[in-house]
Amino acid sequence: MATGRTHRPATRSRGIPEATVARLPLYLRALTALSERSVPTVSSEELAAAAGVNSAKLRKDFSYLGSYGTRGVGYDVEYLVYQISRELGLTQDWPVVIVGIGNLGAALANYGGFASRGFRVAALIDADPAMAGKPVAGIPVQHTDDLEKIIKDNGVSIGVIATPAGAAQQVCDRLVAAGVTSILNFAPTVLTVPDGVDVRKVDLSIELQILAFHEQRKAGEETAAAGDPLPAAAAREDSADQGPDGDVPAVMPA
């Protein structure tokens, strides 16, 4: 069976833009759903809507793959599933280690979508000696003392960090030194890695804060649409913040 150690995706060598690479999983998810419903073909408009992008962008993305569809017919669903899976490197086995088996790490270990998408959880690793040997999702947890050996024995090139922030950089350094070249980081901190190592950060609190910003803005737009005047104090404050030209603050707040 092939492993992530000996096979790498060809996206960079073929010059596919990173923005396109980031959208390929969205297309694959939509196409997989169509395949499961035995839908043979799909138009660019239908697939774009399912993936949440516009159809012109989708057609441009697919042109990098050499896939242009057939006028009046659309795209062959099964072929596109194979083509995108191959481009993403999902037609082979990618062993993954998860470091940090707290609530989040355990939830990731129990996630059933890894295997169906080309990823195999090769090992679960934690620094707590009391966790050693305990099965999580049917996999016994191993201690961080054995991290380097685990990575070597399993040919791991992808690591998932689900530790507290304070331990994340040290874990990252050990993963990289052991040969891991791609890291998915769930720890609420920024990791420093050498050239040639890719890091993807998943921060749920940041995503919620962005949603809170949009909710606040929508609430403000609804208030404005309702014609509610600004309170007098707020109006005076707004006026006081204006610069000499009346449109920008003279001094930006620190």
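Visitor: What makes two residues a contact here?

Guide: A contact means heavy atoms within 4.5 Å. Keep in mind that this is a predicted model.

Visitor: Which residues does Leu47 touch, leaving out those up to four places away in sequence?

Guide: Leu47 touches Tyr27, Ala30, Leu31, Leu34, Val42, Leu58, Phe62 and Leu80. Contact means heavy atoms within 4.5 Å, so each of these counts as a contact of Leu47.

Visitor: What makes a set of residues a nonpolar core?

Guide: The residues must be buried, be of kinds such as Leu, Val, Ile, Phe or Tyr, and be joined through side-chain atoms within 4.5 Å. The largest one here has 23 residues, and Tyr27, Leu31, Val42, Leu47, Leu58, Phe62 and Ile84 have the most contacts inside it. Because core members must be under 20% relative accessible area to count as buried, Leu47 is under that cut-off too.

Visitor: Which elements give two or more residues to this core?

Guide: Those are helix 1 (18-36), helix 2 (44-51), helix 3 (55-64) and helix 4 (77-88). Helix 1 gives the most, with 7 residues. Apart from this core lies another, of 19 residues, including Ala122, Ala123, Leu147 and Ile183.

Visitor: How do you know where the predictor has little confidence?

Guide: pLDDT is the predictor's confidence on a scale from 0 to 100, so values under 50 over residues 1-13 fall in the lower half. Residues 232-254 also stay under 50, and for them the model has 11 contacts beyond four places in sequence. The chain averages a pLDDT of 84, with 83% of the residues at 70 or above.

Definitions and conventions: Residues numbered from 1 in each chain as written. Predicted model: local features only at pLDDT ≥ 70, side-chain atom pairs only at ≥ 80, totals over all residues. Heavy atoms only, no water. Buried < 20%, exposed > 50% of the residue type's maximum accessible area, 1.4 Å probe, protein only. Helix = DSSP H or I, 4+ residues; strand = E, 2+ residues; numbered from the N terminus.
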